[in-house]
Amino acid sequence: MFVLLCFQSGPASLTTEDLSTNANGPKQASLFDDDPDDLFAEATEEVSLDSPDRDVLLSDGPSPAITPMTPPTSVITPRIGHAHDDMFTHSSFDEFCCVLWLNVVFLVPGDGMNAYMAYKVTTKTSMSLFKLREFSVRRRFSDFLGLHSKLASKYLHIGYIVPPAPEKSIVGMTKVKVGKEDQSSNEFVEKRRSALERYLMRTVKHPILLKDPDVLQFLESSELPRAVSTQALSSAGLLRMVNKAADAVNKMTIKMNESDAWFEEKQQHFENLDVQLRKLHASVESLVLHRKELSMNMASFAKSAAMLGNSEDHTALSRALSQLAEVEEKIDQLQQDQANADFYFLSELLGDYVRLITAVKGVFDQRMKTWQKWQDSQMMLQKKREAEAKLQFNNKPDKLQQAKDEIKELEMKVQQGERDFEQISKTIRKEVGRFEKERVKDFKSTVIQYLETLLQTQQQMIKYWEAFLPEAKAIS
Amino acid sequence: PIRSVSVDLNNDASLLIDIPDALCERDKVKFTVHTKTTLSSFQKPEFSVPRQHEDFIWLHDTLVETEDYAGLIIPPAPPKPDFEGPREKMHKLGEGEATMTKEEYTKMKQELEAEYLAVFKKTVQVHEIFLQRLSSHPILNKDRNFQIFLEYDQDLSVRRKNAKEMFGGFFKNMVKSADEVLISGVKEVDDFFEQEKTFLLDYYSKIKDSTAKAEKMTRSHKNIADDYIRISATLNITMSFVSLQKVEGRVASDQELKLTELLRYYMRDIQAAKDLLYRRARALADYENSNKALDKARLKSKDIPQAEEHQQQCLQKFDKLSESGKKELTSFKGRRVVAFRKNLIEMAELEIKHAKVRSSIQLYYICFIMCTNELQYAWGICKILCEQI
């Protein structure tokens, strides 16, 4: 079969490396050009032929990447818990060894709305930061929000990308609290558990945040002071804070003269990424919906085919139709599982990144704020110097001393402002680099796991149809 | 592929019919009906005529109205060409053009064009099968109107109008309320027909339901295929030799041809068989009424010879319908079983093939994404996989 590979990703640039691969082969462009809009750009991972990844490719049996470390004993078990695998298969063990996962414990009873869902957070680590190798604590949703709020207040304004916490959902939670034991509340609980797990993992993956005492306390200490006023702590609260910063930027009287092209380029890049991700997220949500519809229609058809088989008076054909009904029903189940995978892998990942990009954009705005502050102090200093000159001219010695003192203070402030601005710029550069690397890794590993679910579905489908074929041939 | 809906057609070299091409002008489809024959009843051994969908309907209706064929299963009329679905989608696509990227728009447009083509192909094939059913029927293939349809090189619309005026859909209207008569039960004397009646009524409602559900399934498949188009367009990673989307889309149309078309065709065929049962039931009723009339005549000692003759005619007609009907229904059952077998086998084989192709493609994607910096490695894997497809 002739293979035609056409890469569409902006202008196709052929590097010499590519051309040497196959002189007769079809045109081959470097797929992962530095296309800023390419989700997989800047992949710098080296894959050597002896790496564990290769074994995943060529082995037949279940590979480490597919079998989860410890299945989460949650209310529903999705097929794969990906947080665990990521750590152990994709990074060398020395570099970063802190894995954690969440289990839903139970609904802590209370009167009506005072009931809450408790989550058991288990951490396994080899780092000396922690007192033990493995330990668990119990936390509730507001604790997570509280943690995020503390981290945001400490790190956002100096340029660190603090992962946003999952959204509050009054409707979803109410159903659970009221004790509704149905499919949708189970799904809700699992969705939340998974989201909290991803949130914590992202937080501890950050080398600075991991060392933060609030994070350590969150993971380790058995008792945690209750976080109050979680209104402002929610993801929506963060959004409001970010929007405030954005407003401030818009209201800036002096437009920031961006001397550093890197920042301008990166901001544009994140703008584009934001648009792309939102679009993708919408398409994937549509996919999940349609697959659920397909599953429903298949189940309905299976029933109908079974009835048709019963009605059929030719014996062998009747049996074949009943078998067909069974196959369709089994495939319907497969499609349902696939829809779950669509959701838990793709849709949630995309949703997470839409929120993360908001946090990234927020950090850029913080830099602008810092710049503004610096400029303001500089302007203030200028004014004070002018005032001082005036005072000197008018010969007012006592006021003059005060002015000189103020000027000294302001000079320090200006210096500090400049330092702050340089620091935040430096931090952001590092953060963005780290973020992009993480993003690529995250997407790659999730997409691969998603494809693996698709693959499993296909293999299963082959089995079902191959079992059906002789039945069809037996009709005489 | 849809030819396997009715197997063993167009085998007899004495009369071979096909529709080699067709033109689509807005709503109207013009079919080219091509005939090759060794029969002397035709003027030439090979010829072609242009026909519209309405001409097929005219032919079908005249056959239904012909008394002599009351004991036969008249092949169901081909459904009207329906481009409404893809047309509406094309319209929506045009409206939403501003909101999508160029790639997305191009891809969706291509997909829609393929849909149009599929509908077009399907309608050509159902019209072709209708004619081939007629040509392979020992009695119907000698019908005068059938010959006119194949041969007459002028426009048939004049004949069509005349026919409408003559019959006014007499038989058709009667047949519409067929089920009630059958169900309310003229007392059946023959076991074979009693069984057939029960079976066909039940089977018809079941297959109608299955057809509708199968159609819903294929629509869902299409929706998923469309989602994959959008996703792959947004991702910018388009490797267009065989993409996930293309395979999903193809499955939707192959599955449709196999399963849905099979069910749909036999639903209509069973309706035609029910119509036969109805006509026979009607003849039975007429016969019973003629008996009553004869008794009355004997009582009154009036018009006895006429009543006797009328009764004889009714009996003859009823017997003829029963004999012919039995033959038709038996061969119908055989035809149905053979067609189902062929289709189910082909469908299962297609599903297996597609699932294997999809597995290879998915594996390829996995390799490719993992080895993004090792292009030579990825290229090698790609070659191995493609050899397996």
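# Briefing on chains A and B

Chain B has a mean pLDDT of 81, and 80% of its residues reach 70 or more. Confidence drops below 50 over residues 237-243 of chain B, a stretch with 28 contacts in the model beyond near neighbours in sequence. This is a predicted model. The predictor gives the complex an ipTM of 0.83 and a pTM of 0.75.

**Confidence in chain B**

- Residues 373-389 of chain B also stay under 50 in pLDDT. The model still has 32 contacts for residues 373-389 beyond four places in sequence.

**Overall build of chain B**

- Chain B contains 11 helices and three strands.
- Along the sequence, the pattern reads β-β-β-α-α-α-α-α-α-α-α-α-α-α.
- Chain B has 389 residues, and 53% of them count as buried.
- The exposed area of chain B is about 18700 Å². Carbon and sulfur atoms supply 54% of that area.
- Take the contacts in chain B between residues at least 6 apart in sequence: 76% of them join residues at least 24 apart.

**A helix pair in chain A**

- Two packed helices are described by the angle between their axes and the distance between the axes.
- Helix 11 of chain A covers residues 315-394. Helix 12 of chain A covers residues 397-473.
- The axes of helix 11 and helix 12 of chain A come within 9 Å and cross at roughly 170°. Angles over 145 degrees count as roughly antiparallel, so helix 11 of chain A is roughly antiparallel to helix 12 of chain A.
- The residues of this contact between helix 11 and helix 12 of chain A divide into 38 nonpolar, 14 polar and 19 charged.

**Gln458(A), touching chain B**

- Gln458(A) sits in helix 12 of chain A.
- Is Gln458(A) buried or exposed? Its relative accessibility is 5%. Buried means under 20%, so Gln458(A) counts as buried.
- Setting aside residues up to four places away in sequence, Gln458(A) touches Ala355(B), Arg358(B), Ser359(B) and Gln362(B).

**Glu215(B), partly exposed**

- Glu215(B) belongs to helix 8 of chain B, which spans residues 191-235.
- The relative accessible area of Glu215(B) is 25%. Partly exposed means between 20% and 50%, so Glu215(B) falls in that class.
- Which residues does Glu215(B) contact, leaving aside its neighbours within four places in sequence? They are Thr260(B) and Arg264(B).
- Glu215(B) and Leu259(B) are 44 residues apart along the chain. Their C-alpha atoms are separated by 9.2 Å.

Technical notes: Residues numbered from 1 in each chain as written. Chains lettered and ligands numbered in written order. Predicted model: local features only at pLDDT ≥ 70, side-chain atom pairs only at ≥ 80, totals over all residues. Heavy atoms only, no water. Helix = DSSP H or I, 4+ residues; strand = E, 2+ residues; numbered from the N terminus. Buried < 20%, exposed > 50% of the residue type's maximum accessible area, 1.4 Å probe, protein only. Contact = heavy atoms within 4.5 Å. Axes fitted to C-alpha atoms, helices over the stretch in contact; angles between N-to-C directions. Parallel < 35°, antiparallel > 145°, perpendicular 65-115°, else oblique. Nonpolar A, V, L, I, M, F, W, Y, C, P; charged D, E, K, R; others polar. pLDDT = per-residue confidence, 0-100. Areas by Shrake-Rupley, 256 points an atom, 1.4 Å probe, with all protein chains shown as cover.
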